[in-house]
Amino acid sequence: MVNVLSSKEVQELLQAEPETLLLDVREKWEYDLVHIPGCTLIPMSQFMNHLDTLNKDKKTVVYCHHGSRSFNVCAFLVSKGFKEVYNLDGGINDYAMLVDKTLATY
């Protein structure tokens, strides 16, 4: 089962637990347009090449543009034994509109 967090919940989590891994699974060109500060970029298209760099025991929030790609990555991580994985509901689009209005939207 994939856990889902709202933009506000992600903001609160990152403030309370800054060691949380914030994982952006969009493509590099999307990341270059806008990203949440402090995130780690691993595009979904290259994800399998980097899976072994992730810690199964680390709390991880995954996001993409609207939440679909990140949901799929979350489901995959859960199937591989990752313990605390959360999908950012609505992706960076909602985060930019609801939490950090200085972020660009596209």
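Select K59 to begin: in this predicted model, K59 is buried, with a relative accessible area of 16%. The cut-off for buried is under 20%, so K59 makes the grade. Look along the backbone and you'll find K59 in the loop that runs between helix 3 (47–50) and strand 4 (60–63).

Now show side chains. E17 is the partner to pick, since a polar contact of 3.0 Å links its side chain to that of K59. Widen the selection to whatever K59 touches, skipping neighbours within four places in sequence, and you get L13, E17, T20, L21, E84 and Y86.

Next stop: helix 1 (residues 7–16) and helix 5 (residues 91–98). Their axes come within 9 Å and cross at roughly 80 degrees, which means helix 1 is roughly perpendicular to helix 5. To see where they meet, select S7, K8, V10 and Q11 on helix 1, then D94, Y95 and L98 on helix 5. Colour that contact by class and you'll have three nonpolar, two polar and two charged residues.

Keep V10 and Y95 on screen, as they also belong to the largest nonpolar core, which has 18 residues. V10, L22, I36, V61, Y63, L88 and Y95 have the most contacts inside it. Helix 1, strand 4, strand 5 (85–88) and helix 5 each give two or more residues to this core.

Zoom in on L88. Leaving out residues up to four places away in sequence, L88 touches L5, S6, S7, V10, I36, V61, V62, Y63, G67, S70 and Y95.

Last pick: another core, of 15 residues, lies apart from the largest one, and includes L21, F47, L51 and L77. L21 should look familiar, being one of the contacts of K59.

Technical notes: Residues numbered from 1 in each chain as written. Predicted model: local features only at pLDDT ≥ 70, side-chain atom pairs only at ≥ 80, totals over all residues. Heavy atoms only, no water. Helix = DSSP H or I, 4+ residues; strand = E, 2+ residues; numbered from the N terminus. Buried < 20%, exposed > 50% of the residue type's maximum accessible area, 1.4 Å probe, protein only. Polar contact = N/O pair within 3.5 Å; in protein donor to acceptor, adjacent residues only side chain to side chain. Contact = heavy atoms within 4.5 Å. Axes fitted to C-alpha atoms, helices over the stretch in contact; angles between N-to-C directions. Parallel < 35°, antiparallel > 145°, perpendicular 65-115°, else oblique. Nonpolar A, V, L, I, M, F, W, Y, C, P; charged D, E, K, R; others polar. Core = buried A, V, L, I, M, F, W, Y, C linked by side-chain atoms within 4.5 Å.
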